[in-house]
Amino acid sequence: MFGRFAGLKYLELGRSGLRVSKIGLGTWQIGSSEWGWNRGYGVDDVVRAIERAHELGINFVDTAEIYGGGLSEEVVGRAIRPFRDEVVVATKVWPTHATYDGVLKACERSLKRLGVDVIDLYQVHWPNPLVPLSSTMRAMERLVELGKVRAIGVSNFSLGRLRRAQECLKREEIGSNQVKYNLVERGVEKGLLQYCERERVALIAYSPLAQGLLTARYNASNRPRDLVRRLNPLFDPAVLRRAEPLMTILREVAARHGIEPSQVALAWLIKRNHVIAIPGAKRPEQVESNARAAELELSDEEWRILSEAGSKVSIGVWPKLRIPLRLLGL
Ligand SMILES: NC(=O)c1ccc[n+]([C@@H]2O[C@H](COP(=O)([O-])OP(=O)(O)OC[C@H]3O[C@@H](n4cnc5c(N)ncnc54)[C@H](OP(=O)(O)O)[C@@H]3O)[C@@H](O)[C@H]2O)c1
């Protein structure tokens, strides 16, 4: 065990004044049967994980109204109550609530489930092309005006949509865009990453461990069994085989520093100044390991080799089709 530790660095979410640790905590796992909730881990584990995160100086917790049908927000709210003022709480509104009134109502429900007076970062979970973006963003701005939200974020927004979302706001600025980003899923590097850096929008990297692939524990004959990962093309045997050279490098770098491959993968992400990573965790030991990733300063050469090996893992289109067919027994 180790106490609050010096390795964690902090970053301001855009110009919001909210200072968050570069390693946060993702909580999709809470209450989600697709991750195996109550089969191998449960409420005691995740509450201890949140408490441990706080002890270690992780001050950013990400949840969403959709996670576990609201259970994630409830559990997060209960767990942080004793130290609420030391935590930056982020949650998200689901796209089916993207209308002006829908956002206001969804926010009330989230405030209640979380048991807080104000949500620090309220994020639009996914764009909804059927609802004018201006209505959604006007509602977000209204929530700041009402003191119910401190900062506005978006999630899964392309560069064009992010720009348009900012244009819809009259007084506020978008603090962050939460997007999928890890060593093998690098779509954001085609412009969005650079834009966020230039415009001072924090990039919150979700699935930073590629849902566990970057722990280097899995291979074509040892695949995770939960629904989330059975549906994820990353865990298709062909992709796992293509990822082997990267796994070897991750293991080598990890061994050189006496740490775990997953910590190398997180260190690779947070080397960029405006990126924070929010690994999901099921238990306190995972949180400890993830927090420690901040202690590692990868050399420029290590970073380059990892970047190159990661970019060679092509995920392809075919596995995406094969996996649902396999689930249907075809
Ligand atoms: N905005 C969005 O649309 C969106 C989408 C997805 C996720 N998210 C957010 O991002 C968070 C993280 O993404 P994610 O959950 O998809 O993927 P992730 O963080 O890449 O992977 C999480 C999984 O990795 C394993 N893990 C975590 N820490 C570990 C450690 N130290 N050692 C070994 N294994 C470890 C755990 O699985 P096992 O223990 O089962 O191996 C855990 O369930 C979510 O919780 C959620 O808050 C947002």
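**Entry 1. Ser207**

I count a residue as buried if 20 or more other C-beta atoms lie within 10 Å of its own. The model I am reading is a predicted one. I started with Ser207 and found 23 C-beta neighbours inside 10 Å, so Ser207 counts as buried. I located Ser207 in the loop between E9 and H7. I then looked up its backbone angle: Ser207 is not a glycine, yet its phi is positive, about 50°. I note for comparison that most residues other than glycine have a negative phi.

**Entry 2. Asn156 and Arg217**

I looked for another positive phi and wrote down Asn156, a residue other than glycine with phi near 60°. Asn156 sits in the loop between E7 and H5. I asked myself whether Asn156 is buried or partly exposed. Asn156 has 17 C-beta neighbours inside 10 Å and therefore counts as partly exposed.

I went back to the loop between strand E9 (202-206) and helix H7 (227-230), where Arg217 also lies. Arg217 has 13 C-beta neighbours inside 10 Å, so I put it down as partly exposed. I also checked Arg217 against Met247: the two are 30 residues apart in sequence, and their C-alpha atoms are 8.8 Å apart in space.

**Entry 3. The sheet**

I traced the sheet next. It is open and has eight strands, in the order E3-E4-E5-E6-E7-E8-E9-E10, with parallel pairing. Which strands stand at the edges? They are strand E3 (25-26) and strand E10 (275-277); each has a single partner strand, so one side of each is left without a neighbour in the sheet.

**Entry 4. Strand E5**

I picked E5 (residues 88-93) for a closer look. Six of its six residues are buried, so E5 is largely enclosed by the rest of the structure. In a regular strand the side chains alternate between the two faces of the sheet. In E5 I found Val88, Ala90 and Lys92 pointing one way and Val89, Thr91 and Val93 the other way, all of them buried.

I then listed the partners of E5. With strand E4 (residues 60-62) it pairs in the parallel sense over three bridges. Phe60 stands opposite Val88 there. The pairing of E5 with strand E6 (residues 119-124) is also parallel and has four bridges. On E6, I noted Leu121 as the bridge partner of Ala90 and Val124 as the bridge partner of Val93.

I followed the chain between these strands too. E4, helix H2 (residues 71-80) and E5 form a right-handed β-α-β unit. From E5 the chain goes through helix H3 (residues 100-114) to E6, in a β-α-β crossover that is right-handed.

**Entry 5. Helix H2**

I asked how many of the ten residues of H2 are buried. The count is seven, so H2 is largely enclosed by the rest of the structure. I listed the buried ones as Ser72, Glu73, Val75, Val76, Gly77, Ala79 and Ile80. I then looked for what covers them, and the cover includes helix H1 (43-56), E4, E5 and H3.

**Entry 6. Strand E8**

I moved along the sheet to E8 (residues 174-180). Six of its seven residues are buried, and I noted E8 as mostly covered. Strand E7 (residues 149-155) runs parallel to E8 and is joined to it by four bridges. Ser155 stands opposite Gln178 of E8. The connection from E7 to E8 runs through helix H5 (residues 159-168), as a right-handed β-α-β crossover.

With E9, strand E8 pairs in the parallel sense over five bridges. I met Gln178 again here, opposite Ile204 in E9. The chain passes from E8 to E9 by way of helix H6 (residues 192-199), and this β-α-β crossover is right-handed.

**Entry 7. H9 against H10**

I ended with two helices. Helix H9 (residues 244-257) packs on helix H10 (residues 261-270) at an angle of about 95°, and the axes are 8 Å apart. Since angles of 65 to 115 degrees count as roughly perpendicular, H9 and H10 are therefore roughly perpendicular to each other. I wrote down the residues making the contact: Leu250, Arg251, Val253 and Ala254 from H9, and Pro261, Gln263, Val264 and Ala265 from H10. Sorted by class, the contact has six nonpolar residues, one polar and one charged.

Terms used: Residues numbered from 1 in each chain as written. Predicted model: local features only at pLDDT ≥ 70, side-chain atom pairs only at ≥ 80, totals over all residues. Buried ≥ 20, exposed ≤ 12 C-beta atoms within 10 Å, placed from the backbone. Pairing = 2+ DSSP bridges. Right-handed = clockwise from strand over helix to strand, strands pointing away. Axes fitted to C-alpha atoms, helices over the stretch in contact; angles between N-to-C directions. Parallel < 35°, antiparallel > 145°, perpendicular 65-115°, else oblique. Contact = placed C-beta atoms within 7 Å. Nonpolar A, V, L, I, M, F, W, Y, C, P; charged D, E, K, R; others polar.
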